[in-house]
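Thanks for coming. I will take a few minutes to walk through one structure, starting at the surface and then going to some contacts inside.

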Amino acid sequence: MDELNKLIEDPGLWNDAARAQKLMQERTKLDNSITGLQAMDGELSDCLELIEMGEAEGDKDIVTEAEAQIEALNSKLGTLRLETMLSGEADGNNCYVEIHAGAGGTESQDWAEMLLRMYSRWSDQRKFKCELIAASAGEEAGLKSATLHVKGVDAYGWMKTESGVHRLVRISPFDSASRRHTSFASVWIYPEIDDDFEVEINDSDLRVDTYRASGAGGQHVNTTDSAIRITHEPTGIVVQCQAERSQHKNRAAAMKMLQARLYEAELQRREAEKDAIEEQKTDIGWGHQIRSYVLHPYQMVKDLRTGVERGDAQRVLDGDLDRFMEASLAARLGGDGAGGVED
């Protein structure tokens with residue numbers, strides 16, 4: 001931290017904006033870790049003093065309360081431990097979140113929009129910046145697809161555990177007979193790459209389509225074909241952007257997303273060579289859901305990889321995902337905490 005502070009005090013640092021931003025991001029991450037550990041150390045000392053005082057005075061309530069606080073600190077320590085282990089090549093990067101509705105028409109499209117809201121809420125709770133890059137509206141309701149850009153320290157490291165198929169079971173609000181429906185939507189997470197990292201892309205491998213961006217109506221709908229869709233034909237990867245009114249800016253943003261997707265594909269290839277992702281390959285295949293969200297006849301969200309369950313489904317849909325992410329990270333890292341039930 002001392003070394004970083006000296007570098008940041010250099011007046012010439014911001015002559016290289018990319019390097020300055022990287023140093024500031026590293027400093028923020030270190031500062032959060034140090035501050036968190038110092039705060040926990042202080043809380044632990046206070047709890048130990050309370051226990052000593054309670055035992056001396058024969059006050060069991062004080063002892064019980066202090067012991068409960070220590071248990072809570074132990075849980076926080078587990079989270080910090082996981083954060084220190086987010087050391088993958090791209091874990092510290094921002095990320096993109098792609099959501100695609102599965103078969104099932106309006107039902108799945110509404111579910112895709114619910115997932116978009118869930119990840120937006122989670123990002124807000126983490127104080128991450130979240131921007132909708134592209135969205136394709138459903139015929140009646142919901143979304144056929146959407147892409148979010150999530151910016152924050154370790155955004156990819158946390159969110160990479162969400163890649164896969166998500167299953168929803170509920171009484172359909174679109175069914176006049178109030179029957180129970182099952183819907184699927186896929187989520188794909190990939191890291192944003194640094195500006196100084198180059199992925200070679202041949203123009204001859206690209207198919208570029210322009211289209212008119214859709215929106216809520218009025219001033220929010222473009223009157224020109226400014227939205228961009230780029231297909232990388234050798235891999236079949238498709239990216240699109242409609243966030244900007246300028247076709248040039250949308251193309252630049254889409255190319256950056258394409259670089260990120262190709263970079264993610266390379267990371268996956270390297271991990272596969274080390275046999276690091278062989279077990280999870282079925283998790284991310286269509287039809288192999290990683291998590292089920294049941295809203296009827298009971299409420300339960302269950303992660304099928306780790307066994308973690310939550311009884312308050314609405315709280316999860318409002319963005320309370322940390323328990324699932326922590327368990328998935330622990331399982332990947334071979335640590336404990338990969339299972340459990342929380343009411």
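Let us begin with a patch of negative charge on the surface, made up of D46, E49, E52, E55, E67 and E71. Please keep in mind that this is a predicted model. Two helices, helix 2 (17-57) and helix 3 (60-84), each bring at least two residues to the patch. Which of them gives the most? That is helix 2, with four residues. As one member of the patch, take E67, which sits in helix 3. Its relative accessible area is 44%, and because buried means under 20% and exposed over 50%, E67 is classed as partly exposed.

Now to the salt bridges. How many does the structure hold? The count is 19, and I will show three of them.

The first on my list joins the side chains of D318 and R121, with a distance of 3.7 Å from N to O. D318 is in the loop between helix 7 (313-317) and helix 8 (322-332), while R121 belongs to helix 4 (residues 106-125), so this pair ties together parts that are 197 residues apart in sequence. Are these two residues buried or exposed? Neither label fits: D318 is partly exposed at 24% relative accessible area, and R121 is partly exposed at 34%.

Next on my list is the pair R179 and D175, where the closest N and O atoms are 2.7 Å apart. Here the two partners fall into opposite classes. R179 is exposed, with 52% relative accessible area, whereas D175 is buried, at 9%. The cut-offs are what put them there, because exposed means over 50% and buried means under 20%.

My last pair is D303 with R291, and their closest N and O atoms are 3.1 Å apart. D303 lies in strand 10 (residues 300-303) and R291 in strand 9 (residues 289-294), so the bridge links parts of the chain 12 residues apart. Both D303 and R291 are buried. The two also take part in a network of salt bridges that links E162, R291, D303 and R305.

While we are at these strands, look at the loop between strand 9 and strand 10, where Y298 is found. Y298 is partly exposed, with a relative accessibility of 48%. Its C-alpha atom is separated by 8.7 Å from that of G311, a residue 13 positions apart from Y298 along the chain.

To finish, two side chains that contact backbone nitrogens. Where does S172 lie? It is in the loop between strand 4 (164-171) and strand 5 (180-191). S172 is buried, with 4% relative accessibility. A polar atom of the S172 side chain lies 3.0 Å from the backbone nitrogen of F174.

The other case is N94, which is in the loop between helix 3 and strand 1 (95-101). Which backbone nitrogen does the side chain of N94 reach? It reaches that of G152, at 3.0 Å. N94 has a relative accessible area of 16%, and since the cut-off for buried is under 20%, N94 is counted as buried.

To recap, we went from a negative patch to which helix 2 gives the most, through salt bridges such as D318 with R121, to the side-chain contacts of S172 and N94. That is all from me.

Note on methods
Residues numbered from 1 in each chain as written. Predicted model: local features only at pLDDT ≥ 70, side-chain atom pairs only at ≥ 80, totals over all residues. Heavy atoms only, no water. Patch = residues over 30% accessible without salt bridge, like charges linked within 9 Å, V, L, I, M, F, W, Y side chains within 5 Å. Areas by Shrake-Rupley, 256 points an atom, 1.4 Å probe, with all protein chains shown as cover. Salt bridge = Lys/Arg side-chain N within 4 Å of Asp/Glu carboxyl O. Lys, Arg positive; Asp, Glu negative; His and termini not counted. Charge placed at Lys NZ, Arg CZ, Asp CG, Glu CD. Buried < 20%, exposed > 50% of the residue type's maximum accessible area, 1.4 Å probe, protein only. Polar contact = N/O pair within 3.5 Å; in protein donor to acceptor, adjacent residues only side chain to side chain.
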